[in-house]
Structure formats: structure tokens, C-alpha cells
Amino acid sequence: MAKIKTKIKRMMIAIDTERCIGCGKCVNSCPTNALELVDGKAHLKDEKICDGFGSCIAVCPTNALYIEERDAEPFDWSILNTISFEDFLDKLSKHYRPEEIKQP
Ligand code: SF4
């Protein structure tokens, strides 16, 4: 039997594409790899893997990222099993040193 996907209201990252310059810093700093670049703009790959904490906001040079409450699929906690602890810490630390994030 197919699993029914139920959306819930929760905090999610949102992208102002007018402000996004496609630098990729948010993509390379997202601990859960929830972001990608599509046609030179940041894009949320999969809402289930966005934790909604908004740590990526700190690295954006143009303030194109913000948090909003909206209907979305619940966060998939199993994504944390696919991320190495070292990689997770490395990406989190980049939020405090955004100048070290390389272009994708
Ligand atoms: S960090 Fe900001 S400007 Fe750079 S790709 Fe992400 S949203 Fe766009």
C-alpha cells in the first residue's frame, strides 16, 4: 500500500531568487545537502531534508535566504544516518567562516 505523504506546517528555508547571485555558498555549507544550484540560482532539492534551522542564512552574501513557516513534508531524520559526523561538523563550522566556502 502506498504511503500517504502528509504535509505539516513547519519552518522551512525560502529563497529570494531575485537576490540570489548563484555563489553556491549555501549549497556547500548545508549539512543535509538540501540545496542545489539550478540555472544559477539556489534551489531546495527536497523539502524533507531541510531541517528548517536556517544555518545556511549566515553564509549568504546577498541575504537571499530566509525562514518561513509553510506547509511541507516532515523532516526525514533518517538523512542524518547518511552524513558522516566529520562532514556535518565541517559544514556547520563553515557557517562561521563563509569566506572559506569554495564555489561549486
Ligand atoms: S548563498 Fe545566497 S547568493 Fe549564494 S547561492 Fe545561496 S542563496 Fe544564492
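This is a short walk through the structure above, from its overall layout to a few individual residues.

Let us begin with how far the model can be trusted. It is a predicted model, and the mean pLDDT of the protein is 89, with 93% of its residues reaching 70 or more. Confidence varies along the chain: strand β3, residues 41-44, has the highest mean at 98, while helix α2, residues 85-94, has the lowest at 83.

Now for the layout. The protein is built from two helices and four strands. Read from the N terminus, these elements follow the order β-α-β-β-β-α. The radius of gyration is 14 Å, close to the 13 Å that the globule rule gives for 104 residues, so the protein is as compact as a globular protein of that length. Measured out along its principal axes, the C-alpha trace spans about 45 × 35 × 20 Å. Of the contacts with a separation of 6 or more, 70% are between residues 24 or more positions apart. Buried residues make up 23% of the 104 residues.

With that overview in mind, we can turn to the interior. The largest nonpolar core has 15 residues, and the ones that touch the most other members are C26, C30, L35, C56, C60 and L65. Strand β1 (8-15) and helix α1 are the elements that give two or more residues to this core.

C26 is a good place to start looking around. Setting aside its neighbours within four places in sequence, C26 is in contact with L35, A42, C56, V59, C60 and L65. Next comes C30, which is found in the loop between α1 (25-29) and β2 (35-38). Is C30 buried or exposed? C30 counts as buried because it has 24 C-beta neighbours inside 10 Å. Not counting residues up to four places away in sequence, C30 touches L35, C56 and K91. For a sense of distance, take C30 and E69: they are 39 residues apart in sequence, and their C-alpha atoms are 19 Å apart in space.

L65 brings strand β4 into the picture, as that is where this residue lies. With 22 other C-beta atoms within 10 Å, L65 is buried. Which residues does L65 contact, leaving aside its neighbours within four places in sequence? They are I13, I15, C26, C56, I57 and C60. S78 is another matter: it sits 13 residues from L65 along the chain, and their C-alpha atoms are separated by 25 Å.

Right beside L65 in the numbering is Y66, also placed in strand β4 (residues 65-72). Y66 is partly exposed, because it has 14 other C-beta atoms within 10 Å. Beyond its neighbours within four places in sequence, Y66 is in contact with A14 and I57. Y66 and C56 are 10 residues apart in sequence, and 9.0 Å separates them in space, C-alpha to C-alpha.

Back in helix α1 we find N28. N28 counts as buried because there are 20 C-beta neighbours inside 10 Å, and 20 or more is what the term requires. N28 and D76 are 48 residues apart in sequence and 20 Å apart in space, taken from C-alpha to C-alpha.

Some of these residues return when we look at the ligand. The shell around the ligand holds 15 residues, and the closest are C20, C23, C26, A42 and C60. C26 and C60 are thus named here and also among the core residues that touch the most other members. What is the make-up of the shell around the ligand? It divides into 11 nonpolar residues, three polar and one charged.

Finally, two loop residues have a backbone feature to look for. N33, found in the loop between α1 and β2, has a positive phi of about 55° although it is not a glycine. Having 16 C-beta neighbours inside 10 Å, N33 counts as partly exposed. D39 belongs to the loop between β2 and β3, and D39 too is not a glycine yet has a positive phi, of about 50°. Is D39 buried or exposed? D39 is exposed, because 7 other C-beta atoms lie within 10 Å.

Definitions and conventions:
Residues numbered from 1 in each chain as written. Predicted model: local features only at pLDDT ≥ 70, side-chain atom pairs only at ≥ 80, totals over all residues. Near = placed C-beta within 6 Å. Nonpolar A, V, L, I, M, F, W, Y, C, P; charged D, E, K, R; others polar. Buried ≥ 20, exposed ≤ 12 C-beta atoms within 10 Å, placed from the backbone. Contact = placed C-beta atoms within 7 Å. Core = buried A, V, L, I, M, F, W, Y, C linked by C-beta atoms within 7 Å. pLDDT = per-residue confidence, 0-100. Rg over C-alpha atoms; globule rule 2.2 N^0.38 Å.
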